[in-house]
Amino acid sequence: MACAFFNKIITAFYPDRCLLCGEVVKSGLLCCPKCAQALPFLEEKGAAVHHEDPFSKISAPFWYKDGVRHAIGQMKFYGRKDAAKFFVPYMVQALEDFSPEWVVPVPMAEHRRKERGYNQAELLAEPIAGLLSAEYHPEVLARVGSVAQHDLSARLRRLEANHSFVLANGASPAGKRILLVDDVFTTGSTLRRCAWLLKDAGASEVVCLTIAVTPRFQQD
Ligand SMILES: [Zn+2]
């Protein structure tokens, strides 16, 4: 805990550190040359989709491991919002030939957002929408339920995950090709739930785009 706090202070005063390993880098650089050489790229630019999944593709540039895992942690818990700047070009490249009309970030619970001050999925989704000339729709999905996930038992957590997203009032994704953006694809339950809401409301296609997928997911 003390160590996490210390890291936070260091990051605040010396922002020019490699996102992936924490080494000091030249001013303005986000990644040191050593880490840039060893990025854990996915061979397939994504993960396999099950035929019952509500999305047609899961795109991601990286495995969730090593420096990429560290950098995502920095973005989520240590205020390194500039990590989005580093990851977005790789994400867009991994998407290949899908051109969405809408880009939608996976929403974050309101209490969590207040605590952190931002939703990392939005930090990624907004510039991605810009690069793809798509409409950015951060308010199509909303998250309900106020219980912090780590306070729940595994069984309750599954129930909560099934009921914690809603389509916002007035949202009309009917007929749209939608890109759903989050930071990591782990079990996929969150992205699956969000994609179902969009598909049930008539979205013509939903594709998921994340920074990384967990190696465990790939083995399942
Ligand atoms: Zn590095």
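Here are some numbered notes on this predicted model, to read with the structure open beside you.

1. Let's begin with the whole chain. Its secondary structure comes to nine helices and eight strands. The protein chain has 220 residues, and 34% of them count as buried. Take the contacts with a separation of 6 or more: residues 24 or more positions apart account for 71% of them. Keep that in mind when you follow the chain by eye.

2. Now look inside. The largest nonpolar core holds 55 residues, and the members that touch the most others are Ala 60, Leu 124, Leu 180 and Val 181. Several elements give two or more residues to this core: the helices are α3 (66-77), α4 (83-95), α6 (120-131) and α8 (189-200), and the strands are β3 (102-105), β7 (177-185) and β8 (205-213). Which element gives the most? That is α4, with eight residues.

3. Helix α4 deserves a visit of its own. Its buried residues are Ala 83, Ala 84, Phe 86, Phe 87, Val 88, Met 91, Ala 94 and Leu 95. What covers them includes β1 (57-59), α3, α6 and β8. You can also check the helix with a ruler: at 1.5 Å a residue, its 13 residues should span 18 Å, and the end C-alpha atoms are 19 Å apart, so the two values agree. Just after α4, Glu 96 takes a positive phi of about 55°.

4. Helix α6 can be read in the same way. Its buried residues are Gln 120, Ala 121, Leu 123, Leu 124, Ala 125, Ile 128 and Ala 129. They pack against the helices α3 and α4 and the strands β3, β4 (135-136) and β7. The ruler works here too: the 12 residues should span 16 Å at 1.5 Å a residue, and the end C-alpha atoms are 17 Å apart, which agrees. Just after α6 comes Ser 133, with a positive phi of about 50°.

5. How do α4 and α6 meet? Two packed helices are described by the angle between their axes and the distance between the axes. In this model the axes of α4 and α6 come within 9 Å and cross at roughly 50°. The two helices are therefore oblique to each other. Their crossing is right-handed. On the α4 side, the contact is made by Ala 84, Phe 87, Val 88, Met 91 and Val 92; on the α6 side, by Leu 123, Leu 124, Pro 127, Ile 128 and Leu 131.

6. Try zooming in on Leu 124. This residue is among those that touch the most other members of the largest nonpolar core. Which residues is Leu 124 in contact with, leaving aside neighbours within four places in sequence? They are Ala 84, Phe 87, Val 88, Met 91, Val 181 and Asp 183.

7. Leu 30 shows how a loop residue can be placed. This residue lies in the loop between α1 (2-13) and α2 (33-37). Is Leu 30 buried or exposed? The cut-off for a buried residue is 20 or more other C-beta atoms within 10 Å. Leu 30 has 20 C-beta neighbours inside 10 Å, so it counts as buried. Not counting residues up to four places away in sequence, Leu 30 touches Leu 19, Asp 82, Lys 85 and Phe 86. Leu 30 and Asp 82 are 52 residues apart in sequence, yet their C-alpha atoms are 7.8 Å apart in space.

8. Arg 69 offers another pair to look up. This residue sits in helix α3. With 18 other C-beta atoms within 10 Å, Arg 69 is partly exposed. Its C-alpha atom and that of Val 213 are separated by 10.0 Å, while the two residues are 144 apart along the chain.

9. Finally, have a look at some backbone angles. Most residues other than glycine have a negative phi. Lys 45 is not a glycine, and its phi is positive, at about 55°. Lys 45 is found in the loop between α2 and β1, and with 17 C-beta neighbours inside 10 Å this residue counts as partly exposed. Asp 66 is likewise a residue other than glycine with a positive phi, near 50°. Asp 66 lies in helix α3. Its 15 C-beta neighbours inside 10 Å make Asp 66 partly exposed.

Technical notes:
Residues numbered from 1 in each chain as written. Predicted model: local features only at pLDDT ≥ 70, side-chain atom pairs only at ≥ 80, totals over all residues. Core = buried A, V, L, I, M, F, W, Y, C linked by C-beta atoms within 7 Å. Buried ≥ 20, exposed ≤ 12 C-beta atoms within 10 Å, placed from the backbone. Helix = DSSP H or I, 4+ residues; strand = E, 2+ residues; numbered from the N terminus. Contact = placed C-beta atoms within 7 Å. Expected span 1.5 Å × (residues − 1). Axes fitted to C-alpha atoms, helices over the stretch in contact; angles between N-to-C directions. Parallel < 35°, antiparallel > 145°, perpendicular 65-115°, else oblique. Left-handed = near helix turned anticlockwise from the far one by under 90°.
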